[in-house]
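User: I should like to go through the helix packing and the aromatic contacts of this model. Please reason through each answer.

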Amino acid sequence: MRNPLLPALCIATCSLIACAAPSNANTAAEERASIAPVMAEQDPSGLSKAYFGAGCFWVEEAMFEDLKGVAKVTSGYSGGTTPKPDYEMVSSGSTGHAESVEVIYDPKTISYGTLLKVFFGSQDPTQVNGQGPDGGTQYRSVVFYQNEDEKAQTEKMIAEFNASGQFGGKIATQVAPFEKFWKAEDYHQGYEKLHPDQPYVATVSKRRYDAFAEKFRDLLK
């Protein structure tokens, strides 16, 4: 039995709706020129960073942003080789990047392990190279670890899920070393909350967010 977060009815209904926002060529070119990589580092205020990818970054951003202890979430691209990737490039699946989020959090309030539980519990981690109606390596489930502790926690959790059969199949989540995070274009930031009536958001994203909120209500702000 597959994770019920994204039912088959939603996939059929939304198969022609993509995790995309309108833009024009000039705007895209200008935003791409300003894109710079973000390197993982310890914030001087004591905050930490974590990097995840699990389908469309609009809903990933919205979910993590509503957790207690999370200060800021940014949508972007990670895991690829092409410098200064823009949305159109990543959407083609040719750059190797995944739509990802940078989560800035207070480890005194929420642990990396809890972030991992939310990450796995708010998606179908058995789906290979995609999430719901979004297919392709750019929508793959992936944890970008920054050190051996994050890697060990992630691999341990995956092994436990596989042993328990909790998700009804083998976990397909990629565990990869973090290299660079490229902030996505400005129009992607906060997109789900700013555009609740956008077709993809109103159908696919809302279903996924609502399931997350119900499951992790004790962790919400």
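User: In which hand does α5 pass α6 in their crossing?

Analyst: The model is a predicted one. The two elements are helix α5, residues 112–121, and helix α6, residues 148–164. The crossing in which α5 passes α6 is right-handed.

User: What is the orientation of α5 relative to α6?

Analyst: The axes of α5 and α6 come within 10 Å and cross at roughly 45°. That angle makes the orientation of α5 to α6 oblique.

User: How do the residues of the contact of α5 with α6 divide by character?

Analyst: From α5, the residues Tyr 112, Gly 113, Leu 116, Lys 117 and Phe 120 take part. They meet Glu 150, Gln 153, Thr 154, Met 157, Ile 158 and Phe 161 of α6. The residues of this contact comprise two charged, three polar and six nonpolar.

User: Is the pair of Phe 52 and Phe 119 stacked or edge-to-face?

Analyst: The ring centres of Phe 52 and Phe 119 are 5.1 Å apart. Their planes lie at 25°, and planes under 30 degrees apart count as stacked. The pair is therefore stacked.

User: How many residues apart in sequence are the parts that this pair ties together?

Analyst: Phe 52 belongs to strand β2, residues 48–54, whereas Phe 119 belongs to helix α5. The pair therefore ties together parts whose separation in sequence, in residues, is 67.

User: Is Phe 161 buried or exposed?

Analyst: The relative accessibility of Phe 161 is 12%. Buried means under 20% relative accessible area. Phe 161 therefore counts as buried.

Notes
Residues numbered from 1 in each chain as written. Predicted model: local features only at pLDDT ≥ 70, side-chain atom pairs only at ≥ 80, totals over all residues. Heavy atoms only, no water. Axes fitted to C-alpha atoms, helices over the stretch in contact; angles between N-to-C directions. Helix = DSSP H or I, 4+ residues; strand = E, 2+ residues; numbered from the N terminus. Parallel < 35°, antiparallel > 145°, perpendicular 65-115°, else oblique. Left-handed = near helix turned anticlockwise from the far one by under 90°. Contact = heavy atoms within 4.5 Å. Nonpolar A, V, L, I, M, F, W, Y, C, P; charged D, E, K, R; others polar. Phe/Tyr/Trp six-rings, centres within 6.5 Å; stacked < 30°, edge-to-face > 60°. Buried < 20%, exposed > 50% of the residue type's maximum accessible area, 1.4 Å probe, protein only.
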